[in-house]
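Hi there,

Here is the structure I promised to pass on. Please have a look at it first, and then read my notes below.

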Amino acid sequence: MSNFDFSVLFGGRAGDGIRQLGQLWARLLARRGLRVFLYDDYPSLIRGGHNFTVVRAAEEPVLAHRSRINLLVALNREALERHREKLSPPGLILYDSSAFEAQGIGVPWKEIVKELSAPPITRNTPALASVARTVGIPLSELEETLSRDLPKAKEINLSVARKSYELTPEGTLTFPRPSCAPYPTLFGNEAIALGAVAAGLRFYVAYPMTPASSILHYLAQHGEALGVTTIHPENEIAAVLCAMGAAAAGAPAMTGTSGGGFALMVEALSLAGQAEIPLVIVECQRTGPSTGVPTYTMQADLEFVLSAGHGEFPRVVLAPGDAAQAFSLSAKALTLAWHYQTPVLLLSDKHLSESLFHQELPLNGVEKVSFKAREEQGEYRRYEITEDGVSPLAFFGDPQAVVKITSYEHDPYGITTEEPGAIVRMQEKRLRKEKGLCAELDRREMISVEGEGEVALLVWGSSRGAALEVARRLNLRFVQPLVLKPFPKRALSEALKGVRRLIVAETNATGQGARLLRARGFRVDEVILKYDGRPFTVEELEERVSGVIR
């Protein structure tokens, strides 16, 4: 196994193109054959403040960033002062010598841009060129990345890059060029979007709310090619009702939001449960409560999502931890919603949604949306009482069926009823779906497990990357449930067989995941919590886990 593991931190103000700079660097290295991961940190500002992006590269797969860095690229003095302590010896510093003076390698990026009459935003391109030169990447590889990823402004970016490359001292580092398969680089939200499309998504509607907004942006940008219609309505209530309307008309639909937007959708969630409408909601958590810290991460909406809505009805809650899981579970969310005609919630967060992953996606064998269709003969009963609780579906516009959808309790035809026996029969009919859901989801493949140690580190959602690496380093058993409702008690019990000590790590203040485990009869020995709006880094989690297993 190679020891190559190199992290670069790019820092500057909002508006300096820091995120794009990190993406360009990550994709350049991915094309070189390295495996990459990108973490993005930014305030809720359009201009000013402090933004930084960390790109980690290795010859082995990486799913998390580290606290320590090897190269700091500072577009302003604040970036240097904030992050120089993170440098691992003999760390390197690259900075804009036309903006400030410091110890390190200074290159006049701002002057280069001005000299070549380039737009000010292109200052990130000469910074990228300096990084490439410092670590020994040929100019031709940099030019290929700029040409492919910045086609609309290719020539001016190539000009400033060449000038900066020429002015940057040649470094002594040499990056390897391993023979890695050409896996895609994509953000967690892009994987969520593509997974749903693979399963048959035809309609996406959402009101923008960080960190879910990029699902809407991505599908709107590529909707024609992907066969998806997108709508940006006036608010989250309109979004969820619009998605339900599309599903009622026969179009597989999805909506996405964060905690505050989901709060507005809760009444409609109960409507979907009562009316048995296939509904997928992507809930991308962020630091709360209320507006909270909108551009930072937290896993604090678990209990809210598990129990939101009035009344009792079946629901599914899935929690991916990386891009590959986001793809497969997004597809599964859509197929489950349609097969069982019930709401499915996909629980993400800022760290998963807005981090860049470099993984192979499970493209083969993606299940497509299917449903129990109405029979051609006889009078149509939308809510027909069945053994498995799933009724045949017909849609508005079917000349052979009168389709009634209602929020009231109803009889099999959809006619409102207040008769005690009818109420009991319909409640029991809906809840019978849970038996099928449990049979499908309480299975070993819905638990990600690695290792056989007697001490287990259990996480859910986006803590996967750091925890998996820590578990490998400390020889622990790694356990991650992918489904949180219906709770996979049998499968999790099997995954934890032989474990004498269970450690749970999550990014919230009260241990919601640990509390869920205890409520289902599992003994949790240690709980490691982080709730400052930032995810676990590998070193941080390793230190805290090591502290409790000594």
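**What turned up**

I237 is partly exposed, with a relative accessible area of 39%. This residue sits in helix α9, which covers residues 236-248. On the surface, I237 joins L241 and L264 in a nonpolar patch, and together the three have about 240 Å² of accessible area. Before you go further, please keep in mind that this is a predicted model.

**Helix α8**

Helix α8 runs over residues 213-226. Its 14 residues should span 20 Å at 1.5 Å a residue, and the C-alpha atoms at its ends are 18 Å apart, which agrees. There is nevertheless a kink in α8 of about 45 degrees, centred on A220.

Which residues of α8 are buried? They are S213, I215, L216, Y218, L219 and G223. As a reminder, residues three or four places apart in an α-helix point the same way, because there are 3.6 residues a turn. The partners that the buried residues of α8 pack against are α7 (188-199), β8 (203-205), β9 (229-231) and β11 (279-285). Just after the helix comes G227, with a positive phi of about 75 degrees.

**Helix α10**

The other helix I would like you to look at is α10, residues 259-275. With 17 residues, α10 reaches 24 Å from its first C-alpha to its last, close to the 24 Å expected at 1.5 Å a residue. A bend of about 50 degrees is found in α10 at M265.

Why can α10 be called largely enclosed by the rest of the structure? Of its 17 residues, 12 are buried, so the rest of the structure encloses most of this helix. M265, where the helix bends, is one of the buried residues. Others in that set include G259, G261, F262, V266, A268 and L269, and towards the end of the helix S270, A272, G273, Q274 and A275 are buried too. The buried residues of α10 pack against three helices, namely α9, α11 and α14 (420-431), and against the strands β10 (253-257), β11 and β13 (343-349).

**Backbone points to check**

Most residues other than glycine have a negative phi, and most peptide bonds are trans. The places below are worth a look with that in mind.

- E276 follows α10 and has a positive phi, near 60 degrees, although E276 is not a glycine. This residue is found in the loop between α10 and β11. Is E276 buried or exposed? E276 is buried, with a relative accessible area of 0%.
- S117 is another residue other than glycine with a positive phi, near 55 degrees. S117 lies in the loop between α3 (109-115) and α4 (124-134). At 67% relative accessibility, S117 counts as exposed.
- T210 and P211 are joined by a cis peptide bond, with omega at about 5 degrees. P211 has its place in the loop between β8 and α8.
- G288 and P289 are also linked by a cis peptide bond, and here omega is near 0 degrees. P289 lies in the loop between β11 and α11 (302-307).

If you have time for just a few spots, I would start with the kink at A220 in α8, the bend at M265 in α10 and the positive phi of E276.

Happy to talk it through whenever suits you.

Best wishes

Terms used:
Residues numbered from 1 in each chain as written. Predicted model: local features only at pLDDT ≥ 70, side-chain atom pairs only at ≥ 80, totals over all residues. Heavy atoms only, no water. Patch = residues over 30% accessible without salt bridge, like charges linked within 9 Å, V, L, I, M, F, W, Y side chains within 5 Å. Areas by Shrake-Rupley, 256 points an atom, 1.4 Å probe, with all protein chains shown as cover. Salt bridge = Lys/Arg side-chain N within 4 Å of Asp/Glu carboxyl O. Helix = DSSP H or I, 4+ residues; strand = E, 2+ residues; numbered from the N terminus. Buried < 20%, exposed > 50% of the residue type's maximum accessible area, 1.4 Å probe, protein only. Expected span 1.5 Å × (residues − 1). Bend = angle between axes of the 7 residues up to and from the residue. Contact = heavy atoms within 4.5 Å.
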